Amino acid sequence: LITGGFRDIYEIGRVNRPDSYNLFFTKHKPLVPRRHRYEVHERLYADGTVLTPLDESEIARLAEELRREGIEAAAILFLHCYRNPAHEIRAKAILEERLPGVFVTASHELSQEYREFERVSTVAANAYVGPKVARYLGGMETRMRDSGFKGAFLVVQSTGGLFEVAQARKECVRMLESGPASGVIATQALCREAAIANAIAFDMGGTTAKAGVIHDGHVLTTGSALVGGYEKALPIQIPMIDIFEVGAGGGSIARVEHGALHVGPESAGAVPGPACYGGGGSAPTVTDANLLLGRLGADRFLGGEMRLDAGAAEKALYRHVAAPLGMNTIEAAEGIIDIAVIKMAHAVKAVTTARGFDAGNFVLAAYGGAGPLHATAVARELGITRVLIPRAPGHFSACGMLYSDLRYDYVHTEFAKLAD
């Protein structure tokens with residue numbers, strides 16, 4: 001539901017073209033199709049005073065239309081409501097009264113900063129994930145209560161702080177980068193113990209590699225993020241730890257296109273997983289390359305609980321990479337690792353060099369299931385001389401949650417004359 005006359009701001013966006021010379025450039029794709037964007041007759045001035053009062057009967061009629069459409073979630077964005085949320089509050093109350101069970105979210109609850117495209121994108125994303133996340137958290141809360149748990153159930157935010165589950169179920173988008181954020185918080189705690197002032201938190205799992213920064217003992221944060229890459233990204237305007245990620249993980253698929261080798265961002269995931277897992281996967285991945293190069297032990301994976309199939313890895317690499325490029329499987333495996341390392345180094349540069357820091361002055365703290373496996377190669381690529389690997393790196397982000405504390409961020413746009 002959006003102020004009349006502004007139905008298309010979500011689609012128009014900022015009208016910028018970040019990739020100017022790309023003939024195949026495509027814009028961002030809104031999460032909500034145009035036919036489900038409903039205009040509402042109401043309007044505030046930029047200072048928050050009312051120009052056109054909210055037509056409550058129109059909201060009631062829209063509620064019936066949403067019911068007929070079988071809508072599960074509704075997002076509300078009215079112009080300038082960060083200055084005066086009264087219209088959004090009333091519209092939400094009417095929808096919740098008439099549509100019990102529907103997830104209803106209003107933009108002022110998530111962001112009280114100006115910029116309407118960013119705010120509508122944020123509230124739409126919250127509605128997009130809201131029903132599923134709210135059900136999931138509700139189910140967890142019920143199971144914990146039924147099992148006799150008497151403590152407080154807290155959830156990690158993208159800031160690395162905690163908030164209560166009741167709020168988490170309404171403001172789900174605040175959990176967007178909660179896992180990676182926990183790893184950065186754990187790195188901060190580790191650096192505090194080791195008297196390290198500057199560190200890069202490098203987290204590599206199965207699908208992506210992520211990097212964040214601790215500078216002078218403080219975690220670097222940002223007020224927004226782009227989901228989906230800069231070219232066709234949807235912005236999310238909430239406080240969060242400044243994390244950059246690339247599609248390079250243990251499960252990232254290697255392929256040959258137009259005679260060139262590419263790695264990621266597509267991932268084999270956990271199921272079917274890399275070819276060497278024996279789960280039916282046939283595409284070569286970074287994990288398969290590591291196994292063929294002897295960097296993983298086929299009989300020692302997961303502490304010996306899972307045996308890897310080196311034959312399946314070699315077959316996948318030969319068929320999809322080595323044969324098309326006219327090389328042997330070892331050369332193909334080395335090429336896959338080299339490309340993955342360069343992509344991961346790019347993630348580290350994005351949070352250091354791109355922000356005016358010399359990566360060589362930082363310690364690289366590597367964790368995640370695959371982080372330590374590639375940490376020294378990434379460090380050499382960037383001129384980093386010290387690498388720190390915590391115990392049980394696969395559980396390190398979970399440890400970070402134990403170092404987190406309750407945190408609530410309040411950010412509000414205030415306009416003032418420059419002369420004042």
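So, burial to start with: 47% of the 420 residues in this protein chain are buried, where buried means under 20% relative accessible area, exposed means over 50%, and partly exposed is in between, with a 1.4 Å probe and protein chains only. A word on what we're looking at: this is a predicted model, so local features need pLDDT of at least 70 and side-chain atom pairs count only at pLDDT 80 or more, while totals for chains, interfaces and linings use all residues. Residues are numbered from 1 along each chain as its sequence is written, and side-chain values use heavy atoms, with hydrogens and water left out.

Okay, the overall build. The chain has twelve helices and 20 strands; those are DSSP runs, H or I of at least four residues for helices and E of at least two for strands, numbered from the N terminus. Put a box around the C-alpha atoms along the principal axes and you get roughly 70 × 55 × 50 Å. How does the radius of gyration sit against a compact globule of 420 residues? The globule would be near 22 Å and the chain has 24 Å, which agrees. That radius is taken over C-alpha atoms, and the globule rule is 2.2 Å times the number of residues to the power 0.38.

Now contacts, meaning heavy atoms within 4.5 Å. Take the ones between residues at least 6 apart in sequence: 66% of them join residues at least 24 apart.

On the outside, the chain exposes about 21200 Å², and carbon and sulfur atoms supply 53% of that. Those areas come from the Shrake-Rupley method with a 1.4 Å probe, and for residues only the protein chains shown count as cover. As for charges, there are 43 positive and 47 negative, and their mean positions are 2 Å apart. Lys and Arg count as positive, Asp and Glu as negative, and His and the chain ends are not counted. Each charge is placed at NZ of Lys, CZ of Arg, CG of Asp or CD of Glu.

Let's go inside. In soluble globular proteins, nonpolar side chains tend to be buried together. Here, the largest nonpolar core has 45 residues, and the ones with the most contacts inside it are Ile 200, Phe 202, Ile 336, Met 344, Leu 364 and Val 378. By core I mean a set of buried Ala, Val, Leu, Ile, Met, Phe, Trp, Tyr and Cys residues joined through side-chain atoms within 4.5 Å. Several elements each supply at least two residues of this core, including strand 9 (199-204), strand 18 (260-267), helix 10 (329-351) and helix 11 (371-382). Which helix gives the most to this core? That's helix 10, with eleven residues.

If you want one residue to click on, try Phe 202. Leaving out residues up to four places away in sequence, Phe 202 touches Met 344, Val 348, Leu 364 and Val 378, among others. Apart from this core lies another one, of 19 residues, among them Leu 1, Leu 66, Cys 81 and Val 102.

Next, some backbone oddities. Most residues other than glycine have a negative phi, and most peptide bonds are trans. But Gly 264 and Pro 265 are joined by a cis peptide bond, with omega about 0°, and Pro 265 is in strand 18. Then from Val 271 to Pro 272 we have a cis bond with omega near 5°; Pro 272 lies in the loop between strand 18 and helix 8. For positive phi, look at Asp 216, near 55°, in the loop between strand 10 and strand 11 (218-219). Ala 392 has a positive phi too, near 50°. That residue is in the loop between strand 20 (387-388) and helix 12 (396-403), and counts as partly exposed because its relative accessibility is 44%.

Last stop, a few single residues. Is Gly 250 buried or exposed? Buried, because its relative accessibility is 8%. Gly 250 is in the loop between strand 16 (244-246) and strand 17 (252-257), and the residues it touches, not counting those up to four places away, include Met 204, Pro 274 and Thr 285. Tyr 403, in helix 12, counts as exposed at 55%. Outside its neighbours within four places in sequence, Tyr 403 is in contact with Ile 185 and Ala 189. And Val 15, in the loop between helix 1 (9-12) and strand 2 (39-40), is exposed as well, with 67% relative accessibility.
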